[in-house]
Amino acid sequence: MANSDPATANSSNPALVTFTAKLVMVVAVSLSLYQLYTAGIAALTALVQRSIHLGAILTLTFLLRPPFLGARKDRINFWVVMDWVLAAASIFCTAYICINLTEIFERQGDWLPADLIVGIVGTLLVLEACRRVIGVIMTGICAVAMLYAYFGPWMPEIIIHKGYSIERIATTLWLTTEGIFGLPIGVAATFVFVFVLFGAFLESTGGGNFFIELAYALTGRFSGGPAKTSVVASGFMGSVSGSAVGNVVATGSFTIPMMKKVGYRPHVAGAIEAAASTGGQLMPPIMGAGAFLMAEFTNTSYLTIIKVALVPAIMYYVTVLFFVHYEAKKFGLEGQPKESLPRVGKVLKEGLHFIIPVMILIYVLVNNYSPMMAGFVAVISTLAASLAANTVRWAVAPQKMETEKKRPSAAAFGFGELKSIVKALEKGAKSAIMVSVACAAAGIIVGMVTLTGMGLKFSSLVLDLSYGIELLAILLIGAASLVLGMGLPVTASYIVLATLAGPALLDMGVPLLVSHMIVFWYSQDANVTPPVSLASFAGAGIAGANPMRTAFTSWKLAKGLYIIPIIMAYRPLLGMGAGYELLHWQVVETMIATMLGLIAFASAIERFFIRRATWPETMLFWIAAAGLFWPQYWADGVGLAAFAAAVAMQKLSPATS
């Protein structure tokens, strides 16, 4: 007879819960070990490496994430069975690529029915994982991209194309590196994962807590101090790392937990790191690879490039710092009394060995090793430093170590340390789910943009649509760079835009170096602009935040990325054109006016300066920003007067609204 007791019917199944937990641990640990192997020992073919990564990520997603809010995964029901079916399908669809790799390469374009079925199922699995992990908005954008590819002949004339069959769409997305297994998942499956794993090891060995405590001790007295420290640190690191995403995962492992501890919301912490790391690509001396490419394209010395790029980059960071400061003030993230903060000397004494992995990481990156190798070395060195420190402590004070339960058990590492390593490996894989699913979904958008030719079509359209208006052309170039950035690395996006759009700016009278600097700045916008903002997704993965919410926040913080290039075109911000030199009075005046304008702009958006701004004060800040940006000296005067009036009102009146 069936049990009719509701309590029994609704009770969990311990055997199922235990089995699922153990299976998740096995898959997660295996994935982390596999990523370490491919990062530091032997690389695999791109399609194989990415498909194994995605297969494990999808499996973990369906085993861990419920299909909808309230669905129970602790007892056998229809949805649990469906999740296991989806997990098995994920393994099958990705294993199909690895097993038939040679045949897939040989029959490109001459697909079998099995290829089509696997492609359709695999794409649907990514969409479902995206719905569960990220939400319906990103899933909807992916669906629209595929519908655009299919219904091309029925699109408006300006974006019309010949249209593609379901077979072409599905196989492009799943069986090539032009879709789901393209650049975004390639980024997630390589150095993003390894650095997320690095963060997990830091946390498990106590290194993460050390850096948080150290930064807290140094900056805890100031409002938003750790966040401001992370902005500056990310700028320095980003200049030499060559990758905004790589910088997010390298420095974010320390800075994001630090910001969360002092009270920043997770999505804001991830966004601050993304915006700061993106600015690193604009900061001399390295500027990613941009400085060297620009020197070649413009036949200008490298020294000149970094000289004119320095001031705009500093302006960008000052703008981010003001946004960070306002966020801290608005949410009451005040500094702590010195007495309540940890002592710097004590913190350093207890965790100085954790600086070794960071120094090794910086050394490896500066010496042009790949980010994957840098992450691999960082993980191994963190583990080694922790083990060495624990061993030394045991030799010096065995009784104390016994009490703290940090001594290596047995004569080597011990079961306890081994268990800690396994937990770190599992945590690293689980933490990577969000960013990897986001990047896989972004690959659908990238694949459809590439397949339909929308990227290059868009770049050529902007020139026709601008009607010779310089400002409109610059704004359209920014939009084109966003579309191109969905499928191209920053460097490639810069090259394409410089080739297609650079001549148009030259024809409009913009100096050669200025036009290339504008294009280069806008080539960075895909890192922090939704829907495909890889740096923001990486920050969200570390922060444990919603990727799209993080992306929109980073988009707000990085407003200088969109405004400063326009100023370059209309004013001698770079000291270029009309015989200007960097110390010419008009150049200096432009720099001062632009900096004040950016501060006024940030104050207007946040409605905050010294305190929360009233509506009249907010309007004055908007007028100040417009006047200080406008390329007329009388407008500078109006803007400066409005800014001074707003500041005076803030100081003289305590009222807020």
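Why is the sulfur of C142 not in a bond with the closest cysteine sulfur, in C130? The two sulfurs are 5.1 Å apart, which is too far for a bond, given that a disulfide is a pair of cysteine sulfur atoms within 2.5 Å. A search of the whole structure likewise finds zero disulfides. C142 counts as buried because its relative accessibility is 0%, and C93 is buried too, at 2%; here buried means under 20% relative accessible area, exposed over 50% and partly exposed in between, using a 1.4 Å probe and protein chains only.

The model is predicted, so local features need pLDDT of at least 70 and side-chain atom pairs count only at pLDDT 80 or more, while totals for chains, interfaces and linings use all residues. Residues are numbered from 1 along each chain as its sequence is written, and side-chain values use heavy atoms, with hydrogens and water left out.

Turning to the interior, the largest nonpolar core (buried Ala, Val, Leu, Ile, Met, Phe, Trp, Tyr and Cys residues joined through side-chain atoms within 4.5 Å) holds 187 residues, of which W174, Y264 and Y316 touch the most other members. Helix α21 (residues 433–452) supplies the largest share of this core, 14 residues; helices are DSSP runs of H or I with at least four residues, strands are E runs of at least two, and both are numbered from the N terminus. Setting aside residues up to four places away in sequence, the contacts of W174 (heavy atoms within 4.5 Å) include L54, C93, V118 and F181.

Helix α9 (residues 183–205) takes part in two helix pairs worth following on screen. Its axis comes within 8 Å of that of helix α12 (residues 244–261), and the two cross at roughly 10 degrees; axes are lines fitted to C-alpha atoms, for helices over the stretch in contact, and angles run from 0 to 180 degrees between N-to-C directions. This makes α9 roughly parallel to α12, since angles under 35 degrees count as roughly parallel, over 145 as roughly antiparallel, 65 to 115 as roughly perpendicular and the rest as oblique. Among the residues making the contact are F191, F195 and F198 of α9 and V249 and F254 of α12.

With helix α3 (residues 46–64), α9 packs at an angle of about 80 degrees, the axes being 10 Å apart. The helices α3 and α9 are therefore roughly perpendicular to each other. Contributors to this contact include R50, H53 and L54 of α3, together with L183, I185 and F193 of α9.
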